Amino acid sequence: MRIPLFDTRISSLPPTPIPPLNASDPSTAFDAFPLIFEDQYLQIAPALPYGTNIYGLGEVIASSGFRRDIGVNGGVGTIQTNWNRDIQDPIDQTCSVVAYGTHPIYIEHRFNETTNTSSSSDVLLSETPPNSNVSFIEYRMIGGVLDFYFFSGPTPVKVIRQYGATIGYPMWQPAWGFGFHLCRWGYSNPSEVKEVVAQMHAADISLEGCADLLHLLLIMLIDPVSFPPDEVRQFIEDLSVNHQHYIPIVDAGLAVTVNSTDVYDPYTKGVEQDVWIKNPDGSLYVGEVWPGYTVFPDWFSENVQSFWTEALRNWSQLGVGFSGIWLDMNEASSFCSYSCGTGANYSALAPMSMVGRVVTEYPECYNSTIWGPSGNMTINGTSTNSCTTSSSSATQITKRGVGQEAGINLNDPPYAIHNAVGALSIDTLATNATHHGGYVELDVHNMDTTFLIGRSTFPSAGKWTGHWLGDNTSKWQYMYLSIQGILQFQIYQIPMVGADTCGFLGNTDEELCNRWMQLSAFAPFYRNHNTYGAIPQEPYRWPSVANAARTAIAVRYALLPLLGTAPASEGSVLRFPDEPELFACDRQFLIGSDILVTPVLTPGATMVDGIFPGRGSVVWRDWYTHAVVNATPGHNTTLDAPLGHINVHIRDNSALLLHQQPAYTIYETREGPYSLLVSVSVAGTAFGTAYLDDRNQHSSHAESNGDGAYEVGSKLATISILGVAKPGSVTVQGQELNGWNYTASTEELVLSHLAIGLGEDTTVSWK
């Protein structure tokens, strides 16, 4: 008998009581499962098939991996709290802490072991007693309305598309956004930044965008001492001439003026236009962020859009000609509890200073006490790897229990939700902060607006913004965890996502940065960023990292037509839903359906294991050599992975439009010719789609059709066809072609010296 999709009958739920999820927190026990509908508390618990697969419910770094812990096979279940706050990428063991964003969407993936088929459909995932034959998910809310949307799929990919149709599909990213971006907190003047740009060019490591160069505590102003406006303006103009871009950082909290002689136009104009969040008594809500006491824009104010438009326009006219915005601290983040600046002496709180800060942490297998601060893999010919075996560490975070509070104090509400650090106001705004229209923060938290690249996100944010995964740490474990973050955000319809490559907090080292630069080259958003006081980690700092970066970026730039077309990075389970060995797979990932990436995620490794989906029905070929992989169906296959090499494989039945000559910038790359890489299936078929900038579709296969009025200036110069027998002759558009060759070892036919327009209907024949 099949369990219904959403079954709340008590007879369908496991027997009670269920013991606590956390032995030290008895409030997490469950005594019963009826629907509870009270004035300030809602609870409903539907049954799920025992051991079903759950993906989503973020933003979170779950110790269970991409697949969530539902309390079976040794798991302890999950408590998921939807409360955005500023937290440095927490890793949990027993409870999952929401970090910067809230996305209450999950995919339930059911597998029928009898028929070997799956189905998917669209918070609290709990363990059940040993005698129970079901799992369950329980929703607990302290008010509001429970609106449930069900997406029938039936495949995981279709579920994600149906969710996108409901909340809005992602924004169309500019082509240059897929280039490599470089930034750090702590560049001190334009000369230092210019030197970094020059060194990147000298090392021939592509650089598309610079960000966070001016860490100005008063946002949307230029420090006339450290960053003279004329020098800044000239630097940005030089970037533009070279087809490069500048993306400044903007925080959601803006400084207050300390005294009447201060001049800070964004704050003053905000007061005049009445755009700041307030206390219940109508006074300004004043928190604390980097510049000291700060105020926060109220997204419900009718003037807030014009305020931002004017402030950013004025900033640009000062010389900061930006190509995009990096929006930070928009949970919104505050370093103090409640409105700590109300009635305070503003001059008593100085801007936060990082002068003299020295970062001493290093990745798991680098001992700086022995080897010093360089982070090099070898010193005087001796390896600095201090690990005898590959290792990683996790930080356990314990949440406070669920409890009831008397009264109606909004800063300490009844039925307090789980929060990893205590009061709900910690690291974010107080729950009684008051918006225009009388809304309080308790009712509208998790709803801030972002643009381009933002930290805090919510359902439908992808229509306006991409996302980076926040303040991670320079550890091998965080490199691995970045994969589940990237995969999660494909579900949330925010595909433009990536991690701070090489790690943000702590010092990186040569080996970790080498591997991470290659992994992130296959994430949609690709940026290297580190913190104030850490050792430099620009990729040219170590020759091995520079070489690894050049190799990976060349592959990435060749694949740009695919990155701009496909659902960016996906878990293998989404494309191969009937293969249980892939259900928990989050150490490798797909780009679209045709490219499989298998990175090295442990220190000291020279080989890596990976599963090739398809169980033998799919032919996978090496990206670099085009050789067929001798994969073990349904099990791990061990691959060579020397330092500087990342395994990339091509699926059969695919046709990939590529940039033939990856160049230093996206602009230069797009000015060059295209190539077409076709991997023919056993049935003799292949198919592919590429979208170019005018959003018109260009299909490329053995018989190519170009649709739309957009004229692509660059021509298709080469066609490589894998998996075919050697022909006697080749024709293009009915004309015999002499410029072709064949390699028997890879069954590869290459047609060269072509000049085919991508808008042309083209037929290639061989026999």
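**Group meeting: a lysine, a helix pair, the cysteines and a sheet**

Let me begin with K475, which, leaving aside residues up to four places away in sequence, touches E361, Y362, P363, E364, L512 and W516. I should say at once that this is a predicted model. K475 sits in the loop between strand 22 (465–468) and helix 8 (476–491), and with a relative accessible area of 17% it is buried, since the cut-off for that word is under 20%.

Next, the helix pair. Helix 9, residues 510–520, packs against helix 10, residues 543–558, at an angle of about 5 degrees and with the axes 8 Å apart, and the two helices are therefore roughly parallel to each other. On the helix 9 side the contact is made by E510, C513, N514, M517, Q518 and S520, which meet S544, V545, A548, A549, T551, A552 and R556 in helix 10; by class, that contact has 6 nonpolar, 5 polar and 2 charged residues.

C513 also brings us to the disulfides, of which the structure holds 3. C513 is bonded to C502, with the sulfur atoms 2.1 Å apart, and the torsion about the S-S bond is about 75 degrees, so this disulfide is right-handed. C502 lies in the loop between strand 24 (500–501) and helix 9, while C513 is in helix 9 itself, 11 residues apart, and both cysteines are buried.

The link of C365 to C387, with an S to S distance of 1.8 Å, has a torsion of about -100 degrees and so is left-handed. C365 is in the loop between strand 18 (326–328) and helix 6 (368–371), and C387 in the loop between strand 20 (382–383) and helix 7 (441–444), so the pair ties together parts that are 22 residues apart in sequence.

C336 and C340, whose sulfur atoms are 1.9 Å apart, also form a left-handed link, at -70 degrees about the S-S bond; here C336 counts as buried at 12% relative accessibility, whereas C340, at 26%, counts as partly exposed.

What of C183, and why is it not bonded to C210? The sulfur of C210 is the closest cysteine sulfur to that of C183, but at 8.7 Å it is too far for a bond. C183 is buried, with a relative accessible area of 1%, and C210 is buried too, at 3%.

Finally, the sheet, which is open, has 5 strands in the order 26-27-28-32-30 and pairs in the antiparallel sense. Strand 26 (569–570) and strand 30 (620–622) stand at the edges with a single partner strand each, so one side of each is left without a neighbour in the sheet. Strand 30 pairs with strand 32, residues 647–651, over 3 bridges, and D622 stands opposite H649 in strand 32.

Key. Residues are numbered from 1 along each chain as its sequence is written. This is a predicted model: local features need pLDDT of at least 70, side-chain atom pairs count only at pLDDT 80 or more; totals for chains, interfaces and linings use all residues. Side-chain values use heavy atoms; hydrogens and water are left out. Two strands pair if DSSP finds at least two bridges between them. Helices (H or I, at least four residues) and strands (E, at least two) are DSSP runs, numbered from the N terminus. Buried means under 20% relative accessible area, exposed over 50%, partly exposed in between (1.4 Å probe, protein chains only). Contact means heavy atoms within 4.5 Å. Axes are lines fitted to C-alpha atoms, for helices over the stretch in contact, and angles run from 0 to 180 degrees between N-to-C directions. Angles under 35 degrees count as roughly parallel, over 145 as roughly antiparallel, 65 to 115 as roughly perpendicular and the rest as oblique. Ala, Val, Leu, Ile, Met, Phe, Trp, Tyr, Cys and Pro count as nonpolar, Asp, Glu, Lys and Arg as charged, and the others, Gly among them, as polar. A disulfide is a pair of cysteine sulfur atoms within 2.5 Å.
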